[in-house]
Structures are given as structure tokens and as C-alpha cells.
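Biologist: I'd love a close look at the part of this model that meets the nucleic acid. Could you take me through it, and then on into whatever lies behind it?

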2 protein chains.
Amino acid sequence: MGRTSDARERLITAVGELFLESGYHGTTIDAICLRAGVRKGTFYHFFASKEDLAVAALELDRASRRESLDAVFSPTRPPLSRLQVYCERVYTRQREAAARSGHVPGCPLFTLGAEICTQEARLREHINAALGDYLAYFSSAIRDASAAQKVDVTDPDAKARCIFSLIQGAITQARIANDAEILRELPAQVFGVLGLKPVPHAA
Amino acid sequence: MGRTSDARERLITAVGELFLESGYHGTTIDAICLRAGVRKGTFYHFFASKEDLAVAALELDRASRRESLDAVFSPTRPPLSRLQVYCERVYTRQREAAARSGHVPGCPLFTLGAEICTQEARLREHINAALGDYLAYFSSAIRDASAAQKVDVTDPDAKARCIFSLIQGAITQARIANDAEILRELPAQVFGVLGLKPVPHAA
DNA sequence: GTAATAGTTGACTATATAGTCAAGAAACGG
DNA sequence: CCGTTTCTTGACTATATAGTCAACTATTAC
């Protein structure tokens, strides 16, 4: 049934890259089409607007991010190790991406959200929902750690919020300063917030 | 001599407002002129480009921010009180601004920096320098608190960086979620990072 | 008052960007 | 191989935006 195509996927990939490079408003539909190797008519065949494409990209991104975080925050992993592995991964990935592209990418959700939250309500909702996922991972890890007597925390949700702010702040700083090394101390900082001594190194 | 004018100042004010509302690329020169009540010719009489205006606005903003923070972080104030007052002020101001405009503004430097750091190197440098000011205030307060035996910290600069990440992350989250109440727990979070119990309330 | 200076304007050009569409090309079911 | 569907294209329009400029206006020094 009908001609087949991966143009939709190419557009989604392209917009993800371009948002990190140029932001939402700095990314034109022409630029998206160019990057995706597609004519503008094809763009409008799949999406009604840049906002629509952004929503599709956010949804796909959220699903794949969940998959990746489900692995890191697997209940089979010791709870504190989950947090440590996550933090180390943030550092490693940002560093590697910077080496590849010349720029520390930062968190796409946070960067995009900060830019457009006052204007595009629909995007804002999607971004907020996706950002909220992190709190669930962090809360659960902290709760499990607390249950295992590995950490002494009165309000795990509050600690999760605190750690989330810390991590996102650090990642965004790394982007702005274009210096991934800022994230090297992230594991130690997070453990510090939990009242723990930093641990040498995890998987 | 010659004709007098406050158009330059009006343009700087306008661009500051608009960057918070629409971001850097979302703010057109036409919109800036409209907000400032000025024709485009006048814009180009004072500034060569949007980037130039942004630099001027950043410089003015940095000076006034310094003035304001010098007062909050005055060495005449007990060191931990400086941090507490600052955090409470962040919450209060973001809340009030949100009540006025309908949107939590966030930190102009951080929001702008996250958007344009990959593109406008000149702006990025200015923003990084201005953001660096915060670390000086925080470090000095922590060092003074440490000297007064009010806190036990091995590396005050590292703690300052941690607190800075935490605060900026929280402010940006508040912006994205458009919920200033996120910042209510900021003083307690910061004191928690310093290994202290939260204090009731400061000036 | 007048000459010099600084600021202002509206009308202009050129380009960039969003968005449309009829016609054609590829896949597939029968 | 034919009809249907889906995708693709290039050429198009309309609008938004950046940037220019000669003429005009207000202020000040003298």
C-alpha cells in the first residue's frame, strides 16, 4: 500500500540535532528539510508545522530515553549504584558528544524547555512530562537505598527533586561553558547531597 | 551636545524583557523597536545588530546584578545568612514576577546562555563571565562560614559550584514548569548541601 | 540666532521563511 | 499490469525580517 519512505524518521532525527545546535526558533523548516534531505512539500506531507514535528520528536525521544533509563535504574542494580552509573554516564556521554561535535550538547529537554516554555504551551507540557520521568527514577532509587539502610533520608521525593535540580543545573552549565569537565564531579556532588562519601567508580 | 534621547536605554530594557518572553532567536529587531517605541533607523543608530544590543544589555545587567548581590553578600552579614537571604530572594522575586507577568522568568543569563551558547561566541563569553560572578559570592560566603566554624567544608569552591548548579537547575525548572513554588524549598536544599539543618527564616 | 552635533523618521530594498499545490513517481494488492 | 495509495517534487505565493538612507528635528555651544 503506497510508496514507502523513511523521510518522517529523517525529519525527526534532523530536528533533534538542529534544536541542540540552533534552538527552537533558530531552526527553520528549510534547515530541517536540508538536513533531512527532503523537500519542503515532503515536510508538510508528514507534519503540519515545526511544532508538530517537535512533538513527534519529543515523543520518540521520551520512549527511547525511558528504555535507556530503565536499564540504568533496573531494580536488579543496587540503588546507589543506579545513581552513580547514571551520573557517570551523563559525564561520559556529554564528553563524547562534545568531542564529536565540538559542543557540549546539554539536555535537549531542558534546553528546549527553557527556551520555549513561555510560548508553546503544547511543547511545554510534553517537556514537563518527560522531565518528570527523572523524578520517578531518582525517587525510587533513593527509596530503595533507604530501605536497604544505605542512606538516611526523611523525604525521598524531596531529595530526588534536589538531585534533579543539581544534575540539570550542572549539565546546562556544562553546555553554556562548553566544558564537559564540569560534570566530572557530578557523582560526588550527588552523593554529597545524599550525605554520603563519594564512591571510587562504578560500572 | 546634540539631540538628547533615552532610546538607547529603552532598547536595552525592551530586549531584556523580550529575551525572557521569546528567547534570542524568537525576538526580532522589529519587536524590539516596537516594545521600545522606536523606529528601526533609531535602532541601527545605536546598535549594529541584535547581538550588539544583547552585549550592551548583558553588560548593564551584570553591573546592576553585582550591585544587588554586593548588598546581599555583604561581609557585614553573617555568612550563612547571606546564602539564606539570597535563596529566599530568588523565590520571592520569581514568585512576584510570575504574578505580574503570568510566567516564571527564570534566570535571564542561564536561559539565554543555554539557547545561544553554540552559536554566538561573543555572547557566550559575556554570559559565562557574568555567571562566574555567582561562584565568587558563594565561595566567599562558604569560606567565611567555615572560618567561623558554622559549617564543615573541605573544598569551599567545590561546594560553591555544587550550590550554583543546584540553584540554577531549580530556577530553570521553575521557569519550565512555570511554578515558582519549586523554589520554596531552595533555602533548605542549599543548607542541606552544606550539611546543615534548614533555618526558619531570615530577613 | 546659527552652526554643529546627535537623534529620528518613513520609505525603501533585498532576502529569508512559511506555506501551497498540481503533477509525477514508487510501492503494493489484486 | 493496472488501479490505488502514499510519497515526492519543483515551482509557486505571501509575508516577515534585516538592513539602508536621505531628509528632518531637537539640543547645545558659541
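Modeller: Happy to! Helices here are DSSP runs of H or I with at least four residues, numbered from the N terminus. This is a predicted model, in which local features need pLDDT of at least 70 and side-chain atom pairs count only at pLDDT 80 or more, while totals for chains, interfaces and linings use all residues. Residues are numbered from 1 along each chain as its sequence is written, with chains lettered from A and ligands numbered from 1 in the order in which they are written.

Let's start at DNA strand C. Helix 3 of chain B gives the most to the surface near this strand, with four residues. At least two residues each come from helix 2 (29–36) and helix 3 of chain A, and from helix 3 of chain B. Of the 24 residues around strand C, those that come nearest are Ile29(A), Gly41(A), Gly2(B), Ser5(B) and Gly41(B); to count as near, a residue has its C-beta atom, placed from the backbone, within 6 Å of the strand. By class, the surface near strand C has six nonpolar, eleven polar and seven charged residues, where Ala, Val, Leu, Ile, Met, Phe, Trp, Tyr, Cys and Pro are nonpolar, Asp, Glu, Lys and Arg charged, and the others, Gly among them, polar.

Now for DNA strand D. Here helix 3 of chain A makes the largest contribution to the nearby surface, four residues. Helix 3 (40–46) of chain A, and helix 2 (29–36) and helix 3 (40–46) of chain B, each supply at least two residues. Around strand D there are 24 residues, of which Gly2(A), Arg3(A), Ser5(A), Gly41(A) and Gly41(B) come nearest. The surface near strand D divides into six nonpolar, eleven polar and seven charged residues.

Behind this, chains A and B meet. Each gives residues to the contact, 36 from chain A and 36 from chain B, counting pairs whose C-beta atoms, placed from the backbone, lie within 7 Å. On the side of chain A, helix 1 (7–22), helix 6 (108–116), helix 7 (121–147), helix 8 (156–177) and helix 9 (186–193) give two or more residues. Helix 8 of chain A has the largest share of that side, 13 residues. The side of chain A that touches chain B holds twelve nonpolar, 19 polar and five charged residues.

Helix 8 of chain A also leads us to helix 7 of chain B, whose buried residues pack against it and against helix 4 (50–72), helix 5 (79–101), helix 6 and helix 8 (156–177) of chain B. Those buried residues are Leu123(B), His126(B), Ile127(B), Tyr134(B), Phe138(B), Ala141(B), Ile142(B) and Ala145(B); buried takes 20 or more other C-beta atoms within 10 Å, exposed 12 or fewer, and partly exposed lies in between. Leu109(B), Leu112(B), Gly113(B) and Ile116(B) of helix 6 touch Leu123(B), Arg124(B), Ile127(B), Ala130(B) and Leu131(B) of helix 7. That contact has seven nonpolar residues, one polar and one charged. After helix 7 of chain B comes Gln149(B), with a positive phi near 60°.

One more backbone detail: Asn178(A), in the loop between helix 8 and helix 9 of chain A, has a positive phi of about 50° without being a glycine. Asn178(A) counts as partly exposed because it has 17 C-beta neighbours inside 10 Å.

Note on methods: Contact = placed C-beta atoms within 7 Å.
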